[in-house]
Amino acid sequence: MKTPFFPTPLPSEITPEETFRRRRQLVFASFGLCTAAATDLTLAASSRGEKLVDVRPSPFSIDEKLTPYESVTGYGNFYEFGPDKDSPAKHAHRLRTRPWTITVDGEVKAAKTFAIEDVLKWAPLEERIYRLRCVEGWSAVVPWIGIPFAELLKRIDITGNAKFVEFWSLADPEQMPYVRVPFLDWPYVEAIRLDEAKHPLTLLAIGMYGEVMPKQNGAPIRLVVPWKYGFKGAKSIVRIRFVEKQPETVWTKAAPDEYGFYSNVNPDVPHKRWSQSHERRLGEFFKRKTLPFNGYAEQVAGLYAGMDLRKNF
Ligand code: MTE
C-alpha cells in the first residue's frame with residue numbers, strides 16, 4: 001500500500017452504471033444533463049447511477065457533513081483495477097455486475113448461492129451515514145445504502161463451528177486486469193469474527209448517495225464495517241465463507257506486521273510506517289484527530305473486552 005498523500009483531482013471519466021434489470025426498489029433516475037451533448041467533465045458530473053427508492057433512514061447514522069460524491073467515487077482503492085487512487089474510477093467500468101451471485105459456504109449446514117436480485121429483497125434498504133477511515137490516513141463520511149449482515153444469518157444455517165466469516169471479492173482477469181499481477185494474493189479475501197459480523201453496524205452495502213453502488217466502490221455488493229480500517233470492506237463480493245479458525249486475509253498475508261487481523265481503527269497504535277493519530281477527510285485541508293474505533297467505541301468496544309488491542313491490532 002502507498003503512504004498517504006493529498007487527494008488527486010477528479011478523474012474526468014466516471015463511467016455510467018450499465019443498464020440492468022429493474023427491481024422493486026429501482027427506478028431509472030432521469031438526469032436531463034445525461035442526454036445533453038456534454039463535455040467530459042459535465043458527463044462525469046451527470047452520469048450518476050440508478051436511484052434507489054424505498055430507502056429508510058437509520059438510527060445508526062452519524063450527523064456529520066457528507067464527503068462530496070465526486071471525492072468518494074473519484075479517489076480510492078480497488079487494486080484489481082490498478083494501483084493508483086484514480087485507477088478504480090478510470091477502469092472499474094469493465095466490471096459486469098449482472099448476472100451476479102453470492103455463494104455462502106464453509107461451516108453451514110447446506111451451502112447456498114443467492115442471486116443479487118434476491119439479496120436486494122431481504123430487508124428494507126437502509127441509509128447508513130458512516131465514517132470511513134482508510135489505513136493510509138484519509139477518511140470520508142459516506143451515506144451507504146445496504147442490508148445488515150445479520151439478515152444473511154436468517155437465511156442460512158451455520159454450524160456450531162462457525163467462528164469467523166470470510167468475504168471473497170471477484171477475481172476475474174478478463175474484467176480486472178491487475179489480478180494478473182501478483183502484488184496481492186488474489187482473490188481479495190478479508191475476514192472478521194462472527195460476532196463482529198453479527199453486530200448491527202455491519203452492513204452489506206449495495207448503494208451510496210441514494211444510488212446503486214458505483215462500480216469503483218464495489219458494486220454490486222460490498223462489506224462495510226465502520227469501526228475498522230477501510231481495507232476490511234471487501235468490494236464486489238462473490239463468496240461468503242464461514243470458518244472455524246481465524247483465517248489469513250489478503251492483507252495479513254501481504255504484510256503481517258503492518259496489517260493485523262482485527263484492524264480496528266486505533267489512533268494509539270501506529271502503522272509500522274506512519275502514525276494513525278490523525279486523518280484527512282477527502283476534500284478537506286486540515287487534518288483531524290482519529291477517534292478510537294473510528295468514533296464507534298460506545299457501540300463496539302465491548303466486543304474486545306479483555307483483549308490487548310496493541311497485540312491484536
Ligand atoms: N476490496 C477489494 N476487492 N479490493 C481492494 O483493493 N481496497 C480496500 C477496500 N476494499 C479494496 C477493497 C481499501 S484499502 C479501502 S480504503 C476501501 O476498499 C475503499 O473503499 P472506497 O473506494 O469505497 O472508499
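A residue is called buried when its relative accessible area is under 20%, exposed when this value is over 50%, and partly exposed in between. By this criterion Arg-133, at 0% relative accessibility, counts as buried. The legends below describe close-up views of a predicted model.

**Figure 1. A salt bridge between strands E6 and E14 involves Arg-133 and Glu-279.** The closest N and O atoms of Arg-133 and Glu-279 are 3.3 Å apart. Arg-133 belongs to strand E6 (residues 125-133) and Glu-279 to strand E14 (residues 278-281), so the pair ties together parts that are 146 residues apart in sequence. Glu-279 counts as buried because its relative accessibility is 2%, and Arg-133 is likewise buried, at 0%. Both residues take part in a network of salt bridges that also links Glu-64, Arg-131 and Arg-281. The structure as a whole holds 23 salt bridges.

**Figure 2. An open sheet contains five strands with mixed pairing.** The strand order is E5-E4-E13-E8-E9. Strand E5 (112-115) and E9 stand at the edges; each has a single partner strand, so one side of each is left without a neighbour in the sheet. From one strand to the next, the twist averages 20°.

**Figure 3. Strands E8 and E9 form an antiparallel pair.** Five bridges connect the two strands. Phe-167 has Glu-190 of E9 as its bridge partner, while Trp-168 stands opposite Val-189 in E9. In a regular strand, side chains alternate between the two faces of the sheet. In E9, Val-189, Ala-191 and Arg-193 lie on one side, Glu-190 and Ile-192 lie on the other, and all are buried. Both faces of E9 are thus described as covered, and five of its five residues are buried.

**Figure 4. The loop between E8 and E9 carries a nonpolar surface patch, a cis peptide bond and a salt-bridge partner.** Tyr-178, Val-181 and Phe-183 make a nonpolar surface patch of about 230 Å². Val-181 is located in the loop between strand E8 (164-169) and strand E9 (189-193), and this residue is partly exposed, with a relative accessible area of 36%. Pro-187 is found in the loop between E8 and E9; a cis peptide bond joins this proline to Trp-186, with omega about -5°. Asp-185 forms a salt bridge with Lys-253, the closest N and O atoms being 3.0 Å apart. Lys-253 lies in helix H8 (residues 250-254) and Asp-185 in the loop between E8 and E9, so their contact ties together parts that are 68 residues apart in sequence. Lys-253 is partly exposed at 44% relative accessibility, and Asp-185 is partly exposed at 42%.

**Figure 5. The largest nonpolar core comprises 87 residues.** In soluble globular proteins, nonpolar side chains tend to be buried together. Within this core, Trp-144, Phe-149, Phe-167, Ile-240 and Phe-242 touch the most other members. Strand E7 (residues 138-148) supplies the largest share of the core, seven residues.

**Figure 6. Glu-151 and Arg-155 meet in a salt bridge.** The N to O distance between their side chains is 3.0 Å. Glu-151 counts as buried because its relative accessibility is 12%, whereas Arg-155 is partly exposed, with a relative accessible area of 24%.

**Figure 7. Two residues other than glycine, Tyr-209 and Phe-293, have positive phi angles.** For Tyr-209, phi is about 50°. Tyr-209 lies in the loop between E10 and strand E11 (211-212) and, at 12% relative accessibility, counts as buried. Phe-293 also has a positive phi of about 50°. The place of Phe-293 is in the loop between strand E15 (288-289) and helix H9 (297-300), and its relative accessibility of 8% makes it buried.

**Figure 8. A cis peptide bond joins Arg-98 and Pro-99.** Omega for this bond is about -10°. Pro-99 is placed in the loop between helix H4 (87-91) and strand E4 (101-106).

**Figure 9. Leu-203 in strand E10 is buried.** Strand E10 covers residues 203-208, and Leu-203 has a relative accessibility of 0%. Leu-203 and Glu-126 are 77 residues apart in sequence, and their C-alpha atoms are 9.5 Å apart in space.

How values were computed:
Residues numbered from 1 in each chain as written. Predicted model: local features only at pLDDT ≥ 70, side-chain atom pairs only at ≥ 80, totals over all residues. Heavy atoms only, no water. Patch = residues over 30% accessible without salt bridge, like charges linked within 9 Å, V, L, I, M, F, W, Y side chains within 5 Å. Areas by Shrake-Rupley, 256 points an atom, 1.4 Å probe, with all protein chains shown as cover. Salt bridge = Lys/Arg side-chain N within 4 Å of Asp/Glu carboxyl O. Helix = DSSP H or I, 4+ residues; strand = E, 2+ residues; numbered from the N terminus. Buried < 20%, exposed > 50% of the residue type's maximum accessible area, 1.4 Å probe, protein only. Pairing = 2+ DSSP bridges. Axes fitted to C-alpha atoms, helices over the stretch in contact; angles between N-to-C directions. Core = buried A, V, L, I, M, F, W, Y, C linked by side-chain atoms within 4.5 Å.
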